[in-house]
2 protein chains.
Amino acid sequence: MARRAPRPAGATLPAPGGPRRIPDAAVARLGTYHRVLTDALAAGSCTVSSEQLAGLAGVNASQVRKDLSYLGPTGTLGVGYDVEHLLGRIGVELGLTRHWPVVIVGAGNLGRALANYRGLAARGFVVAGLVDADPTKVGRTVGGLAVEPLEALEGLIAERRVRIGVIATPASAAQEVADRLVAAGVRAILNFAPAPVGVPPGVSVRKVDLALELQVLSYHQVRATTRTRGDGTHPRRAAAPALRPDPRGAGR
Amino acid sequence: MARRAPRPAGATLPAPGGPRRIPDAAVARLGTYHRVLTDALAAGSCTVSSEQLAGLAGVNASQVRKDLSYLGPTGTLGVGYDVEHLLGRIGVELGLTRHWPVVIVGAGNLGRALANYRGLAARGFVVAGLVDADPTKVGRTVGGLAVEPLEALEGLIAERRVRIGVIATPASAAQEVADRLVAAGVRAILNFAPAPVGVPPGVSVRKVDLALELQVLSYHQVRATTRTRGDGTHPRRAAAPALRPDPRGAGR
DNA sequence: CCCCCTTCGTGAACGCGTGCACAAGCGGGC
DNA sequence: GCCCGCTTGTGCACGCGTTCACGAAGGGGG
């Protein structure tokens with residue numbers, strides 16, 4: 001096959017009149033902005049500047065402006081951003097204005113914790129089903145929801161219009177569960193199992209691996225101790241996400 | 001436009017005898033390799049090629065080789081990597097050979113799930129303490145561990161040599177907890193609270209926000225539906241992490 | 001009515017992470 | 001003993017994400 005794709009001309013330019021596509025990293029930050037803006041609105045703020053918002057979200061002010069620019073012109077030039085308007089704008093773009101039925105596969109520690117977690121419902125993610133392969137877990141009630149057998153997965157997805165699935169099973173079952181989710185119509189998967197899942201194009205997957213996060217921290221500790229400031233001028237920016245002290249903690 | 005720094009000779013080499021620093025993204029993948037290699041060893045494999053390992057971990061083969069090259073020469077040229085040797089090498093670098101006492105702050109749904117999670121202990125992360133500010137939760141036993149009052153945090157960290165802290169509290173308490181953790185000697189924090197925490201230099205922080213992950217998926221769904229492939233040639237690589245089918249699923 | 005201060009939006013540069021292609025080198029077969 | 005195939009390790013280029021710096025524009029004070 002052609003060595004090195006000849007770089008199709010125009011690939012850089014997305015589409016002249018097409019709607020902007022927002023990079024994942026920016027989408028994640030927009031979600032953060034949405035949360036802190038909700039708090040700010042409750043606290044009585046009508047407008048915020050990019051600098052204020054940056055302080056609340058723990059990022060750079062330039063970053064805030066660039067992220068918000070993906071939404072089109074949303075701010076007033078000498079004033080800042082209207083909190084209410086901005087919340088609406090982000091909500092529409094991220095789909096937070098509607099309800100997203102979610103199915104959780106696996107009623108273990110993590111699955112149950114997620115089913116109980118209020119933070120999900122607060123952002124429009126309704127746990128429409130919780131299934132488990134273990135018959136002894138079926139029927140138990142978790143967070144006002146009965147655990148259903150794994151066999152009910154497909155019917156449940158179709159009936160309740162589920163578009164997002166959460167895999168909270170052991171690694172060995174992850175791929176099979178993913179296949180069934182996709183076959184049943186799920187288009188987005190959040191995978192907590194420590195195993196990679198392959199999905200066909202058009203399906204989104206995001207992976208969260210708790211042990212992996214701790215391993216990265218562990219590595220930082222090993223580095224910090226084995227070479228206790230032996231060479232480096234500064235300990236790298238391994239930490240300290242450039243967050244200024246900010247006297248008042250996010251309005252708690 | 002070659003103003004681009006003329007590449008000072010020797011600048012590429014960090015330090016002749018100095019240990020190489022590994023980017024966080026690579027460290028995370030090394031953790032994944034460690035896990036799949038453990039499985040492979042149990043399954044009887046003595047050596048693996050970068051291509052095999054890539055298939056198991058769900059990444060590119062080049063990526064595997066580049067990541068492993070951070071560890072120094074670890075492979076045999078015509079054969080591949082010795083599984084046992086590689087496991088040892090990664091384990092040392094990531095600090096998986098020792099035990100890391102961990103304290104979990106917040107005995108809510110998530111905190112309890114983490115305390116029960118066996119995947120942590122399997123990688124050397126021992127939950128040395130579980131504390132909560134709510135008096136009604138103190139004394140309850142979770143995963144063979146009694147919930148202790150928040151006041152016991154400092155003593156517990158000092159006594160059990162805790163270096164890693166996990167914040168599983170509401171957002172409003174996150175910064176205060178982080179400050180106390182750092183003051184008590186914790187050098188690495190895993191933050192599950194949906195709020196940014198500021199720490200002094202030298203302390204590592206990683207953040208996991210469950211609702212945020214779902215919001216990113218939600219955004220993908222919104223985009224996929226509002227513009228049902230009306231323009232893009234391909235749906236972007238929004239998903240499909242370049243994982244080839246790979247007939248034999250990771251041992252399942 | 002004019003001027004200055006504030007603040008957004010964005011073009012450009014920098015650095016990082018990712019993927020490709022190739023040279024170097026080891027092991028097995030004949 | 002020699003050759004051939006397989007696999008590692010790495011230089012290189014591309015694209016993305018982040019940050020800086022500046023032009024444009026609106027509001028308030030004199």
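Student: How many salt bridges do you count between chain B and chain A?

Tutor: The count between these two chains is 4, where a salt bridge is a side-chain nitrogen of Lys or Arg within 4 Å of a carboxyl oxygen of Asp or Glu. Please keep in mind that this is a predicted model, in which local features need pLDDT of at least 70 and side-chain atom pairs count only at pLDDT 80 or more, while totals for chains, interfaces and linings use all residues. Residues are numbered from 1 along each chain as its sequence is written, chains are lettered from A and ligands numbered from 1 in the order written, and side-chain values use heavy atoms, without hydrogens and water.

Student: Why is the pair Asp209(A) and Arg35(B) called a salt bridge?

Tutor: The closest N and O atoms of Asp209(A) and Arg35(B) are 2.7 Å apart; the cut-off is 4 Å, so the pair qualifies.

Student: What makes up the side of chain B that touches chain A?

Tutor: By class, that side has 45 nonpolar, 15 polar and 17 charged residues. Here Ala, Val, Leu, Ile, Met, Phe, Trp, Tyr, Cys and Pro are nonpolar, Asp, Glu, Lys and Arg charged, and the others, Gly among them, polar. The contact (heavy atoms within 4.5 Å) takes 77 residues from chain B and 78 residues from chain A. Together the chains bury about 6900 Å², 63% of it on carbon and sulfur atoms; this is the accessible area (1.4 Å probe) lost on being put together, summed over both parts.

Student: How do you know which relation links chain B to chain A?

Tutor: A rotation of 180° with 0.0 Å of shift along its axis superposes chain B on chain A, with an RMSD of 0.0 Å. That is the relation of a two-fold axis. The fit is by least squares on the C-alpha atoms of residues with pLDDT of at least 70 in both copies.

Student: Why do you say that the copies meet through the same surface?

Tutor: Because 97% of the interface residues of chain B are also interface residues in chain A.

Student: Why are S2(A) and S3(A) called paired strands?

Tutor: Pairing needs at least two DSSP bridges between two strands, and S2(A) and strand S3 (residues 80-82) of chain A have 2, in the antiparallel sense, so the rule is met. Strands are DSSP runs (E, at least two residues), numbered from the N terminus. The open sheet of 3 strands in chain A has the order S1-S3-S2.

Student: What makes S1 (47-48) and S2 (75-76) of chain A edge strands?

Tutor: Each pairs on one side only.

Key: Buried area = accessible area lost by both parts, 1.4 Å probe. Helix = DSSP H or I, 4+ residues; strand = E, 2+ residues; numbered from the N terminus.
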